[in-house]
Amino acid sequence: MPGDITETPDLQGAYPRLSDAQIAALTGQGGRRSTQPGETLFGEGERDCDFYVVLAGHVASVEGRGTHEERIISVHGRGRFLGELSLLTGEGSFYTALALDAGEVLAVPVARLRELIARDPAFGDLVLRAYLLRRSILIGLGVGLRVVGSRYSPDTRRVRDFAARNRIPVRWLDLETDPTAEAMLAQFGVRPDDTPIVIVYGRLLRNPGNAELAAAIGLPAPSAQQAGSDMLVVGAGPAGLSAAVYAASEGMQVIALDGVATGGQAGTSSRIENYLGFPSGISGAELADRAVLQAEKFGARFAVPAEATAIAQESGCYRVDLTDGTSLTSTSVVIATGARYRRLDVPRLHHFEKASVYYAASQAEALMCRGDPVAIVGGGNSAGQAAIFLSAHAARITLIVREHDLGENMSRYLVDQVTRLPNVEVMVDSEVRELHGDQALDAITVVSSPTGTRRVLPARALFVFIGAVPCTGWLGGLVDLDDHGFVRTGAGALAAAGGPEGTGPLPLETNRPGVFAVGDVRSGSAKRVATAVGEGAMAIRLAFERTRPA
Ligand SMILES: Cc1cc2nc3c(=O)[nH]c(=O)nc-3n(C[C@H](O)[C@H](O)[C@H](O)COP(=O)(O)OP(=O)(O)OC[C@H]3O[C@@H](n4cnc5c(N)ncnc54)[C@H](O)[C@@H]3O)c2cc1C
């Protein structure tokens, strides 16, 4: 072994060492083999590789092997295992595993690894935690896809958003500011007009659509899910993921689809503090990744991106059509397509959304802005409730309302409370036009609509409560919706449409037997992760009840 090889330290459990007992247990599942210096164990883009444990010598994870960008990400010695989340998700590897010296490895087929993870909770948790942390490290280092495009290009933004929502590591080279971007374009013979380009495992994609990108990365395509199912879950946010886990664990054939990424809105939350069992909070991305692996462990299948465009009832089944022309049929359907919170149409919103813009005002958000000046946008009850709640935490609150009268959309009891609060200023007839600050928000510009007067107000946080739009356009007229477009369930659906024949709809069931709606898309839902998860699980119990022979 060359003397200057140093193992990467174990960063908070990202690179743990297996015990001799664990290695002994794995030995029966795979084969030992010797390695030579410079030998590739698996390469970038390779899928379904073996799970390798280093028995002797050292193996490095190397990005851009053989290119001028080659860099070592980590080095592992005896007892360490290789790989990261992609080994379990079916994506290609984002780096090469390279033997640095003569040594020995244990190679276990990935199917065996899955069995072991399911069978041995301690081992499973060790590997899963390490793989999730390794993915975060890759995302932080920007190891993985290369995106070259201008910050002003909507397609660049789309590609980056798609990768981020799917927790795919990306390095973005901004054509406007990054000198290496030009060099990369020259290397691939691409003109700036033809950007964005994406380099996936060394392959060039010119302004790929999300489906093309997903296929190149190895995300599960809808066309692979043609086999029938007895539970189709549309939308894979917390509600849909919960339905998928519980349906699969009860032995149902489950397919879960999502138009963008698993995790839904919760997947964009950096820390969910009010979810049962996670006293120090959990990131939405980790919650989603864990749920997907859990659902897959029980046999659920996923399709991403797979956007439902229509649903119809035919010969005792429901058929769901997708944007790529695929159709899937099932006897039961769970609608879990959530709601899209309306975003403010103001420049730099996306930049500040990571740190200073909130769409909920719970204890967690209150802690973030304790003692700060904050702004709330919206004139409905949720904005009023947020103002009352946050007034006990924030130094000063400006409530910015587009309407002329605060009582136009807000209940009187809330108007009375809000206007009595000493640290709340209400600005009617007003709109937010600009956001100021570097990494975090410092101030906002508010314009009075009738006079055009501009005021710059200090604000460390911006709370946006301008309504949510349910993602129900794809349902056509199949199920009953309330006046705001959310799906009616239970007795509400019965009242609206007479309900399913025979018995009335079960709780969470729409007016179509066997079609359930859960989470934010459901009329009257609580708009919280925990309730979405609870409803997803309960819908499965009710689906069994619906299909049970009389
Ligand atoms: C920034 C942010 C932070 C939050 N923080 C918290 C928090 O700390 N605690 C808390 O309790 N709640 C929080 N919430 C609210 C919480 O995230 C939602 O209540 C929860 O995600 C709702 O889950 P859902 O599965 O019903 O819907 P969603 O999470 O909205 O998921 C719906 C999914 O359906 C998919 N979809 C939509 N249409 C289609 C279609 N036609 N075909 C296929 N797929 C489709 C979407 O892509 C999406 O992935 C937060 C919300 C946001 C935006």
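**Exercise 1.** How many residues surround the ligand, and which are the closest?

*Solution.* The structure is a predicted model, in which local features need pLDDT of at least 70 and side-chain atom pairs count only at pLDDT 80 or more, while totals for chains, interfaces and linings use all residues. Residues are numbered from 1 along each chain as its sequence is written, and side-chain values use heavy atoms, with hydrogens and water left out.

Taking a residue as near when one of its heavy atoms lies within 4 Å of the molecule, 33 residues surround the ligand, and the closest are Asp258, Gln265, Asn274, Ala308 and Asp520. By class, the shell divides into 16 nonpolar, 11 polar and 6 charged residues, where Ala, Val, Leu, Ile, Met, Phe, Trp, Tyr, Cys and Pro count as nonpolar, Asp, Glu, Lys and Arg as charged, and the others, Gly among them, as polar.

**Exercise 2.** Describe where Thr156 lies and what its side chain meets.

*Solution.* Begin with the element: Thr156 belongs to helix H5 (residues 154-165), helices being DSSP runs of H or I with at least four residues, numbered from the N terminus. Next, Thr156 is buried, with a relative accessible area of 1%, where buried means under 20% relative accessible area (1.4 Å probe, protein chains only).

Then turn to its partners: leaving aside neighbours within four places in sequence, Thr156 is in contact with Val147, Gly149, Ser150, Trp172 and Pro196, contact meaning heavy atoms within 4.5 Å. Finally, the side chains of Thr156 and Ser153 are joined by a polar contact of 3.0 Å, that is, a pair of N or O atoms within 3.5 Å, of which one must be able to donate a hydrogen and the other to accept it.

Conventions: Helix = DSSP H or I, 4+ residues; strand = E, 2+ residues; numbered from the N terminus. Buried < 20%, exposed > 50% of the residue type's maximum accessible area, 1.4 Å probe, protein only.
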